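Here's a quick look at how some side chains sit together in this protein. Have the structure open as you read.

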Amino acid sequence: MALRSLDNALPTTPERPKKQAKVAVLTQKQSDFGVNDENKAPLPPTADATIDYISSENLQAMPDPETQITGLTEGLDSKDWTKVCESLNNARRFALYHSALMAPILEKVLLVLVKAMKNPRSALSKTSIMASTDIFNTFGDELLQPSNSDAFDHMLLQLLLKASQDKKFVCEEADKALKAMVGSMTPLPLLQKLQAYVNHANLRIRAKAAISISHCVSKMV
């Protein structure tokens, strides 16, 4: 009797498929999250991190103020928010060292400060609040003059709003500005401005206005 071939005697076992699909999926997922993916550039740092908050004591006088004052309002109206921050710091320098040059355009500067305070970018808002502090300390009662009064009203409201918000470092800066405002102005006319916010719909604004009123009354005693 003929012998069967051994190749035919043993049943053939199909090879188990290699699990390459899961590896590919895992690699894809890692790539999606930026893990070991050399083809993807790292995310740039947030732009706010590049902004330096310069204290008033560290600001220097402008090297050529007569020439640079002409470009101040243009810089403040720039579409580039980092340039606006730079121009706000220049406005602070003008207020501190070259106030006579800034006085004719003070109303325009105040309106730009209001616009910057409304900006949702915290760096821009804080820098504008710091600028308002320096302007208070320099110009004081001049902000209550008819030529600047309307712009001051808008700025006062924004400072009360910023002092009432939840972002601590913006809130603290606004509180400093309000204290500088009270310290630099004659109490009675400032009280008349603050009384408009005693019955404001926002309870926090009413509270901040009450604090400033209290400081004004303390100066009168």
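## A lysine over a ring

Let's start with Lys 126, which lies over the face of Tyr 53, 4.3 Å from the ring centre. A charge sits over a ring here if NZ of Lys or CZ of Arg is within 6 Å of the ring centre and within 35 degrees of the ring normal.

Some ground rules: this is a predicted model, where local features need pLDDT of at least 70 and side-chain atom pairs count only at pLDDT 80 or more, while totals for chains, interfaces and linings use all residues. Residues are numbered from 1 along each chain as its sequence is written, and side-chain values use heavy atoms, leaving out hydrogens and water.

## The nonpolar core

The largest nonpolar core (buried Ala, Val, Leu, Ile, Met, Phe, Trp, Tyr and Cys joined through side-chain atoms within 4.5 Å) has 54 residues, and Ile 135, Phe 136, Phe 152 and Met 181 touch the most other members. Among the helices (DSSP runs of H or I, at least four residues, numbered from the N terminus) supplying at least two residues each are α8 (122-139) and α9 (146-163). The largest share, eight residues, comes from α7.

## One aromatic pair

The count of aromatic pairs (ring centres of Phe, Tyr or the six-membered ring of Trp within 6.5 Å) comes to one. Phe 136 and Phe 152 have ring centres 6.2 Å apart and planes at 80°, so they're edge-to-face (over 60 degrees; under 30 is stacked, the rest tilted). The pair links helix α8 to helix α9, 16 residues apart.

Phe 136 is buried (under 20% relative accessible area, 1.4 Å probe, protein chains only), at 0%. Phe 152 is buried at 0% too.

How values were computed: Buried < 20%, exposed > 50% of the residue type's maximum accessible area, 1.4 Å probe, protein only.
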